[in-house]
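Thank you for making time for this; I would like to walk through one model with you, and I will try to keep to what can be read from it. Please have a look at the sequence and the fold first, and then we can go through the details together.

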Amino acid sequence: MSTDFVIEAEPRQEQGSSASRRLRRAGKLPGILYGGHQEAAPITLDHNAIMLNLKNEAFYSHVLTVNLNGKAERAVLRDVQRHPFKPTLVHIDLLRVSADEAIRVHVPLHLLNEDICKGVKTGGGMINRQLTEVEIECLPGDLPEAIEVDVADLGVGESIHLSEVVLPAGVTVVALAHEGHDSAVVGVLMPRGEKALDEEGEEGTEGLGGEAV
């Protein structure tokens with residue numbers, strides 16, 4: 001992984017809604033660090049630093065370094081609670097990870113070669129993206145920033161399903177463990193207007209043909 005995210009955290013002594021509001025007014029973000037066969041640790045982080053990190057797509061699918069009490073712990077982002085109408089964060093959940101234990105994380109799906117997609121470039125179709133992310137399972141060391149989906153050879157009326165996506169070594173798609181969950185990731189459709197025109201054109205041609213007979 002090309003980016004290393006380091007988060008500075010402090011133990012959170014006071015808990016409860018009133019204490020959390022005081023922290024947020026002071027520019028701090030309350031959170032929790034849990035899992036890893038250890039007790040959950042209430043923590044406080046710098047609100048603006050986390051907001052900045054959240055603008056980076058890779059932050060959501062990386063193993064993060066959390067510096068707490070002089071110790072560096074490895075964790076992944078599990079949940080972020082945002083204010084319902086203000087551009088601020090309310091709470092953050094971080095899950096500890098162990099190098100030898102598999103984790104489940106949602107990672108983004110990146111489309112490759114959209115500009116040379118067969119169904120778009122020569123077929124006149126348009127990309128119809130149905131999934132933007134996917135939940136995967138892997139060891140922390142195998143966690144990818146994103147899963148790439150190549151659409152270069154995709155024709156009009158065709159689609160790529162989860163089972164057809166090429167995955168990095170050691171990575172599996174959680175949904176595929178359940179029958180009937182092989183969802184379409186992306187397809188190429190003919191624009192509605194053009195399809196309607198084609199159908200009208202065919203009907204018109206048939207009508208003219210009938211009159212000629």
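**Pockets, cores and one aromatic pair**

Let me begin with the second largest pocket, where strand 5 contributes the largest share of the lining, namely four residues. I should say at once that this is a predicted model, and everything that follows should be heard with that in mind. The second largest pocket has a volume of about 170 Å³, and of the 14 residues that line it, E73, R74, V97, S98 and A99 are the ones nearest its centre. Sorted by class, its lining is made up of six nonpolar, four polar and four charged residues.

Strand 5 appears again when we turn to the largest pocket, whose volume is about 280 Å³. Which element gives the largest share of the lining of the largest pocket? Strand 5 does, with four residues, and both strand 5, residues 71-82, and strand 7, residues 103-112, supply at least two residues each to that lining. If you would like to find the place on your screens, the lining residues are E57, Y60, L77, R78, D79, V80, V105, H106, P108, T132 and E133. By class, the lining of the largest pocket comprises five nonpolar, two polar and four charged residues.

Let me step back for a moment to the chain as a whole. Its secondary structure comes to four helices and 13 strands, and 36% of its 213 residues count as buried. If we take the contacts between residues at least 6 apart in sequence, 67% of them join residues at least 24 apart.

That brings me to the interior. In soluble globular proteins, as a general tendency, nonpolar side chains are buried together. In this model the largest nonpolar core has 26 residues, and those with the most contacts inside it are V134, L143, V149 and V186. Strand 7, which we met at the largest pocket, gives the most to this core, with five residues, while strand 7, strand 9 (133-138), strand 10 (147-150) and strand 13 (184-189) each supply at least two. What does V134 touch, if we leave out residues up to four places away in sequence? The list is V105, H106, V107, L109, I147, L162 and V173, and of these, V105 and H106 are also among the residues lining the largest pocket. There is, in addition, a second, separate core of 21 residues, which includes I7, A9, A41 and I50.

Next, the aromatic rings, where the structure holds one aromatic pair. The partners are F5 and F59, arranged edge-to-face, with 5.2 Å from centre to centre and 80 degrees between the planes. F5 lies in the segment before strand 1 (6-11), and F59 in the loop between helix 2 (47-54) and strand 4 (64-68), so the pair ties together parts that are 54 residues apart in sequence. Are these two residues buried or exposed? Both F5 and F59 are buried.

I will finish with D46, a residue of strand 3, which covers residues 38-46. D46 is partly exposed, with a relative accessible area of 36%. Although D46 and E10 are 36 residues apart in sequence, their C-alpha atoms are 9.4 Å apart in space. I am happy to go back to any of these places on the screen.

Methods:
Residues numbered from 1 in each chain as written. Predicted model: local features only at pLDDT ≥ 70, side-chain atom pairs only at ≥ 80, totals over all residues. Heavy atoms only, no water. 1 Å grid on protein atoms, 1.4 Å probe; cavity = no way out; pocket = protein on both sides within 12 Å on 5 of 7 lines; lining within 4 Å. Points joined across faces, edges and corners; volume = space filled by probe spheres on them. Nonpolar A, V, L, I, M, F, W, Y, C, P; charged D, E, K, R; others polar. Phe/Tyr/Trp six-rings, centres within 6.5 Å; stacked < 30°, edge-to-face > 60°. Buried < 20%, exposed > 50% of the residue type's maximum accessible area, 1.4 Å probe, protein only. Core = buried A, V, L, I, M, F, W, Y, C linked by side-chain atoms within 4.5 Å. Contact = heavy atoms within 4.5 Å.
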